[in-house]
Amino acid sequence: MANPLADCVSSLRASNHLLANSVSILDTAVNDFPRLTKVLQTTKHFELLPTSDLSAAQSRLLSSLIPEFNALLARVETHLDRLERREQALIARCELLEGRLSMSGEDGEAMTRISAGGAGRKSLAGEGDGSREALRLKAVRAKKERLGYAVERLSLQAQQRERQLRMSVAAQ
């Protein structure tokens, strides 16, 4: 009987030794897991996207930017309209002031002629019509030239402001 038990004990010892070897092998393998996870961990330096995702992102970006561009363009247009109205108001004011200056100048000349003397009134009145027309024509030409310069200056200012607005909109 000792023989069959000895065979069982030796078989059990061999199994125990085999299990101990397996445990030591598994232990060394499991101890290396943290290093293996770092080694096997992938780092994405460049991520490739499908074309559909890229086009969807572009369309979302475009749909969010278009209203902002439209709002900025509307602001620029209202500002330009305001500048244009101001330019027209300044032109009208300039014309009004020029008219007042020319009228006060003509009235002043007429008053000096009338107060020049009693006997010379009739002769001045006859000659005054031609000279008045010549003076008036000269004043109108000068006024036209001044207004032309004023309009040109205002249009250049408006163009400069437009450029400044475009640059500020482009910078934003």
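**Two salt bridges in an all-helix pattern**

With a relative accessibility of 26%, Glu162 counts as partly exposed. This residue makes a convenient way into the structure, which is a predicted model. Glu162 is joined by a salt bridge to Arg166, and the closest N and O atoms of the pair are 3.2 Å apart. The partner, Arg166, has a relative accessibility of 54% and counts as exposed, since the cut-off for that class is over 50%. Glu162 falls in the class between buried and exposed because its 26% is neither under 20% nor over 50%. Both residues belong to helix H4, where they are 4 residues apart, so about one helical turn separates Arg166 from Glu162.

It helps to place this pair in the wider setting. The protein contains 4 helices and 0 strands, and its pattern along the sequence reads α-α-α-α. Helix H3 covers residues 51–114, while helix H4 covers residues 121–171. Of the 172 residues, 8% count as buried. The protein exposes about 14,700 Å², and 61% of that area is supplied by carbon and sulfur atoms. Among contacts with a separation of 6 or more, 75% come from residues 24 or more positions apart.

How many salt bridges does a search of the whole structure find? The search returns 2. One of them is the Arg166 and Glu162 pair described above. Another is formed by Glu98 and Arg146, with the closest N and O atoms 2.2 Å apart. This pair links distant parts of the chain, as Glu98 sits in helix H3 and Arg146 in helix H4, 48 residues apart. The side chains of Glu98 and Arg146 are also joined by a polar contact of 2.2 Å.

Is Glu98 buried or exposed? Its relative accessibility is 12%, so Glu98 counts as buried, the cut-off being under 20%. Arg146, across the salt bridge, has a relative accessibility of 39% and therefore counts as partly exposed. The surroundings of Glu98 can be described a little further. Once neighbours within four places in sequence are left aside, Glu98 is in contact with Lys143, Arg146 and Leu147.

Taken together, the two pairs can be read side by side. The Glu98 and Arg146 salt bridge links helix H3 with helix H4, whereas Arg166 and Glu162 lie within helix H4, about one helical turn from each other. Glu98 counts as buried and Arg146 as partly exposed; Glu162 counts as partly exposed and Arg166 as exposed.

How values were computed: Residues are numbered from 1 along each chain as its sequence is written. This is a predicted model: local features need pLDDT of at least 70, side-chain atom pairs count only at pLDDT 80 or more; totals for chains, interfaces and linings use all residues. Side-chain values use heavy atoms; hydrogens and water are left out. Helices (H or I, at least four residues) and strands (E, at least two) are DSSP runs, numbered from the N terminus. Buried means under 20% relative accessible area, exposed over 50%, partly exposed in between (1.4 Å probe, protein chains only). Contact means heavy atoms within 4.5 Å. Accessible areas come from the Shrake-Rupley method with a 1.4 Å probe; for residues, only the protein chains shown count as cover. A polar contact is a pair of N or O atoms within 3.5 Å; within protein, one must be able to donate a hydrogen and the other to accept it, and residues adjacent in sequence count only if both atoms are side-chain atoms. A salt bridge is a side-chain nitrogen of Lys or Arg within 4 Å of a carboxyl oxygen of Asp or Glu.
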